[in-house]
Amino acid sequence: MALPFPIPSDLSPEFTLSRLTAADLEGLIEVYYVAFQADRRNTFWWSDREPMMEWMRRRVRRKMNDRSVRHYKITDVKSGDLVAFARWDIPKGHEEAFGEWVGDDAAAVDVSGVVAESQEGGNPPVNTAPVEAITPPAFDYPVGTRPELCKVFFDALKNMSEKQNADSMLGLSLLSTSPKYHRKGAAKALMLPMLAIADARGLKTYLEATPDGKPVYERYGFREVDELLFDLKELTGKFDESYKISIMVREPKSIS
């Protein structure tokens, strides 16, 4: 199926940009897990690898069957490996502009009333908070986690999303790059075409940035409008510091 934007001219010929499909699921969750587990402060609520991978598998399936969500990927032409992927939350009324939804009609979920989630070369290893800003049901927390930590994390994201009216904006809810492909421009190629569509439609863009991702996003016009601070010493007893997630919004650029 055709992309809703031209492939960036500066994307390496070693890579292709296309839509994610169900066949990419296992490669996606591997990139997802490896990218985010590098900073244990950001994943203070996680459990062990296998329960987390299974939780991600369930969550990604639901997101891929959500008509308000779009997924795009970069693939290594030679190896076929998944290089990077992005997940975007599309505001109501703008779905067609950001590409036709691709999914299983029989499994599609009702998303009415759901709140949007939330280095060099524009390619940070971890760019956004690793979950969308909507509180999952308690029974779907990853096995082995402490439910109270999950609740603190998800509730904070949800409340901030509501405060910022994020569902009125384009949302970059997840952007992950395989560590072996850092600094090759994959994340930049996944971001800029969608931001150009947002500009054309006069839409703001919302995201939750990790410390590594924040300076990269600033180069692309995002500005911090708020923050979430998690006192990890109090919450976990494993760290001596707080962890900050930056709430960032990009204003649309005027089209001349």
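User: How many Å should the 16 residues of α2 span?
Analyst: This is a predicted model, where local features need pLDDT of at least 70, side-chain atom pairs count only at pLDDT 80 or more, and totals for chains, interfaces and linings use all residues. Residues are numbered from 1 along each chain as its sequence is written, and side-chain values use heavy atoms, with hydrogens and water left out. Helices (H or I, at least four residues) and strands (E, at least two) are DSSP runs, numbered from the N terminus. The end C-alpha atoms of α2 agree with the expected span, taken at 1.5 Å a residue times one less than the number of residues: 22 Å.

User: Which elements cover the buried residues of α2?
Analyst: Buried means under 20% relative accessible area, exposed over 50%, partly exposed in between (1.4 Å probe, protein chains only). In α2 the buried residues include Met52, Trp55 and Arg59. Contact means heavy atoms within 4.5 Å. The cover includes α1, β2 (69-76), β3 and α3.

User: Is Arg87 buried or exposed?
Analyst: Arg87 sits in strand β3. Its C-alpha is 6.9 Å from that of Val69, although 18 residues separate the two in sequence. Its relative accessible area is 1%, so Arg87 is buried.

User: Which element gives the most residues to the largest nonpolar core?
Analyst: A nonpolar core is a set of buried Ala, Val, Leu, Ile, Met, Phe, Trp, Tyr and Cys residues joined through side-chain atoms within 4.5 Å. The largest has 41 residues, and Tyr32, Trp45 and Phe230 touch the most other members. Elements giving two or more residues include α1 (25-37), α2 (49-64) and β6 (222-231). With 8 residues, the top contributor is α1.

User: How many residues does the other core have?
Analyst: This core lies apart from the largest one. Among its members are Ala84, Tyr181, Met191 and Ala198. Its count is 33 residues.

User: How many of the 15 residues of α4 are buried?
Analyst: Helix α4 covers residues 186-200 and reaches 23 Å, close to the 21 Å expected. Its buried residues include Leu190, Met191 and Asp199. The helix is largely enclosed by the rest of the structure, because the buried count is 11.

User: Over which residues does the pLDDT fall below 50, with 86 contacts in the model?
Analyst: pLDDT is the predictor's confidence in each residue, from 0 to 100. The chain averages 87, and 85% of the residues score at least 70. Residues 129-138 stay under 50, with 48 contacts beyond four places in sequence. The stretch with 86 contacts beyond near neighbours is residues 105-127.
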